[in-house]
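This report describes selected surface and helix features of the structure shown below.

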Amino acid sequence: MRIVNNIALILSIIGGINWGLIGLFKFDLVAWICGGQDSVFARIIYSIVGLAAIWCISLLFNNRTVED
């Protein structure tokens with residue numbers, strides 16, 4: 001389960017960086033890499049990052065301690 005949490009966090013960070021680039025520079029990195037916001041590949045990436053962010057909500061309510 002820890003690997004899923006780490007992947008979700010990484011994808012959420014990537015999404016946050018992309019939103020930061022959009023907000024600061026009006027530059028959508030995902031769209032640029034994938035050939036536009038309407039491309040199928042870009043929509044898949046946006047969907048996966050969105051699902052990862054939803055998964056990260058569960059981490060807020062996780063009562064376990066972090067294992068080193």
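Which helices each supply at least two residues of the nonpolar patch? Helix H1 (2–25) and helix H2 (29–34) do so. The model is predicted, with local features requiring pLDDT of at least 70 and side-chain atom pairs pLDDT 80 or more, while totals for chains, interfaces and linings use all residues. Residues are numbered from 1 along each chain as its sequence is written, and side-chain values use heavy atoms, without hydrogens and water.

The patch lies on the surface and consists of Leu24, Phe25, Phe27, Leu29, Trp32 and Ile33, which together have about 710 Å² of accessible area. Its largest share, 3 residues, comes from H2. Patch residues have over 30% relative accessible area and no salt bridge, and nonpolar side chains are joined within 5 Å. Accessible areas follow the Shrake-Rupley method with a 1.4 Å probe. A salt bridge places a side-chain nitrogen of Lys or Arg within 4 Å of a carboxyl oxygen of Asp or Glu.

Two residues of helix H2 are listed below; buried means under 20% relative accessible area, exposed over 50%, and partly exposed in between.

| Residue | Helix | Relative accessible area | Class |
|---|---|---|---|
| Leu29 | H2 | 31% | partly exposed |
| Val30 | H2 | 11% | buried |

The C-alpha atoms of Val30 and Asn63 are separated by 34 Å, and the two residues are 33 residues apart along the chain.

The axes of H1 and helix H3 (residues 40–60) come within 8 Å and cross at roughly 120°. H1 is therefore oblique to H3, a class for angles that are not under 35, over 145 or 65 to 115 degrees.

Key
Patches are made of residues with over 30% relative accessible area and no salt bridge: like charges are joined within 9 Å, nonpolar side chains (Val, Leu, Ile, Met, Phe, Trp, Tyr) within 5 Å. Helices (H or I, at least four residues) and strands (E, at least two) are DSSP runs, numbered from the N terminus. Buried means under 20% relative accessible area, exposed over 50%, partly exposed in between (1.4 Å probe, protein chains only). Axes are lines fitted to C-alpha atoms, for helices over the stretch in contact, and angles run from 0 to 180 degrees between N-to-C directions.
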